[in-house]
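Trainee: Can we walk through this structure together? I'd like to learn how to read it.

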Amino acid sequence: SLSCLAAPGVVRQKCMVLRALLALLVLGMSAPVLAQPASPAPQDPYGQGAQDPMLAEQIAQQLVGRAQELLDAKIYVDAKQLAVEALVESPKGGAADHAHAIIRDANQALGIHDEEPAPPIEKQPDLKPIEDPTQAKPEPKSSAEMPAHDPKLAAQVHGAFYGGVIGAAIGAYLDTDSPASGAVPVAAIGGLVAGLEAPRLASHWHADEAQIRTVGSGATWGGVIGGLLAGTGTGANGGNVHAPGVLLGGAIGSTVGLAGGIYYAHENELTRGDVALVDTFAGIGTVGGLTIGMLMQPAQAEAYSLNAALGAAAGVVVGLVAAPQTNTTPRRMLRVAGLAAAGGAVPFVILAAGPSDSGVQRGVGALSSVGLLAGAWLGFYLTRNMDVGLDIKDGAKPGADDAPAAVVGRDSDGHWHLGGLALEPLSPQLATNQRGMTLDVLGGRF
């Protein structure tokens, strides 16, 4: 540029034109480089913007489909969880309405009202005042420390029953010629004292209502079975059934049942619903033993008592085996027991309206036995969705549940329980000439 400024006029003009042409050439050569776009900055593959809406909707559709299958299989908790996850994936997509419907149906089956979880929203800043960490805060109580029901009433009722049975047995022997004159007042006194003291004992041992019901159920059905067996023994072969003997048998049976109930209460495995199931089956077994006696028409009337005792014992055993595998509550079992009682009572209308000969009695007994079972089955069927998930023992520790299959089993944690009928074929080396089956009666793991 200095040479251009120093040149004469015409030469200087040509020099300036040449310099402009060279500048344009340089700019043309550098233009492609300047026009190249900057390489994109790397993106976070885990960021929120990396999620494809179409992929999210496909995932939500898969989750909703699986949730519907679980809902149809009555696995309500898992179905609800998958539906919530579908809403998280695609809260406004095509699967959202289906997910909301699944959550609503699952809540209805679980007995939850007006509680449909919404997908999580962005976390809001914590505006709570900062607490002084040096100040001690009260620890929240666990569910085991906050019983859902007051055990006082249950302790009073079962305590009064046991005290009354013991008092009646003692009072009946005060005057054997007139057992009622001694049994009634002593039973009233014994029931009153035991009913007042039972809540104190329950409070001292920190027993909840399920444990108290367990002890009371053992004392009740032990007394029923003991009294029936005592009546059977004293009246067999033409003997006279006398009240003191029956009451004594009831007192002994009630005490044995009380001990068994204390054992089960100590194990702390039965819920209120489990005890209600045992009571229902024991009651059905007792009444069923009497109606089967009507069908049998035994030669001796004491066979009725024996049938009822065996039925009650069988009902207790079946209830204890079935209770841990079922979802029952006292409210549900009240309906089952009511329908079973109605099914067993309807056939007696025939007996009341018609002749009472042996054939009619047999027919009524057969129909009543079938009605008991049919009513119980109908009760279980109609209440199959009642109180789902509420049959839970507060504070109960899960057992090992690793005993071998047998009628009576012992788990590795020391708990004994009734199992099932473990049948298996004999080994060919033990039975070479004939086939057979084995029944495991006792099994344990240590």
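Mentor: We'll go from the overall make-up to the cores, the salt bridges and a few local details.

Mentor: This is a predicted model, where local features need pLDDT of at least 70, side-chain atom pairs count only at pLDDT 80 or more, and totals for chains, interfaces and linings use all residues. Residues are numbered from 1 along each chain as its sequence is written, and side-chain values use heavy atoms, with hydrogens and water left out.

Trainee: Okay, how many helices and strands does the chain have?

Mentor: The chain has 14 helices and five strands. These are DSSP runs numbered from the N terminus: helices are H or I with at least four residues, strands E with at least two.

Trainee: And what percentage of the residues is buried?

Mentor: Buried residues make up 32% of the 446 in the chain. Buried means under 20% relative accessible area, exposed over 50%, partly exposed in between (1.4 Å probe, protein chains only).

Trainee: Where is the largest nonpolar core?

Mentor: Helices H3 (53-72), H4 (76-89) and H5 (96-110) each supply at least two of its residues. The core has 21 residues, and Val-64, Leu-71 and Tyr-76 are among those with the most contacts inside it. A nonpolar core is a set of buried Ala, Val, Leu, Ile, Met, Phe, Trp, Tyr and Cys residues joined through side-chain atoms within 4.5 Å.

Trainee: What does Leu-71 contact?

Mentor: Leave aside neighbours within four places in sequence, and Leu-71 is in contact with Tyr-76, Ala-79, Ile-102, Asp-105 and Ala-106. Contact means heavy atoms within 4.5 Å. There is also a second, separate core of 11 residues, including Ala-322 and Met-333.

Trainee: New topic. How many salt bridges are there?

Mentor: A search of the whole structure finds four. A salt bridge is a side-chain nitrogen of Lys or Arg within 4 Å of a carboxyl oxygen of Asp or Glu.

Trainee: Which residue does Arg-66 pair with?

Mentor: Arg-66 pairs with Glu-69, with the closest N and O atoms 2.9 Å apart. Both lie in H3, three residues apart, about one turn of the helix.

Trainee: Why would that spacing work?

Mentor: An α-helix has 3.6 residues a turn, so residues three or four places apart point the same way.

Trainee: What about Glu-209, buried or exposed?

Mentor: Glu-209 counts as buried, at 9% relative accessibility. Glu-209 bridges to Arg-213, at 3.0 Å between the closest N and O atoms. Glu-209 also bridges to Arg-272, at 3.2 Å. Glu-209 lies in H8 and Arg-272 in H10, so this pair ties together parts 63 residues apart in sequence. Shared partners join Glu-209, Arg-213 and Arg-272 into one network.

Trainee: How far apart are the end C-alpha atoms of H10?

Mentor: They are 36 Å apart, which agrees with the 36 Å expected for 25 residues at 1.5 Å a residue. The expected span is 1.5 Å times one less than the number of residues.

Trainee: What follows H10?

Mentor: Gln-297 does, and its phi is positive, near 50°. Gln-297 is not a glycine. Gln-297 sits in the loop between H10 and H11 (302-322).

Trainee: Last one. Where is Lys-74?

Mentor: Lys-74 is in the loop between H3 and H4. Lys-74 also has a positive phi, about 65°, although it is not a glycine. At 45% relative accessibility, Lys-74 counts as partly exposed.
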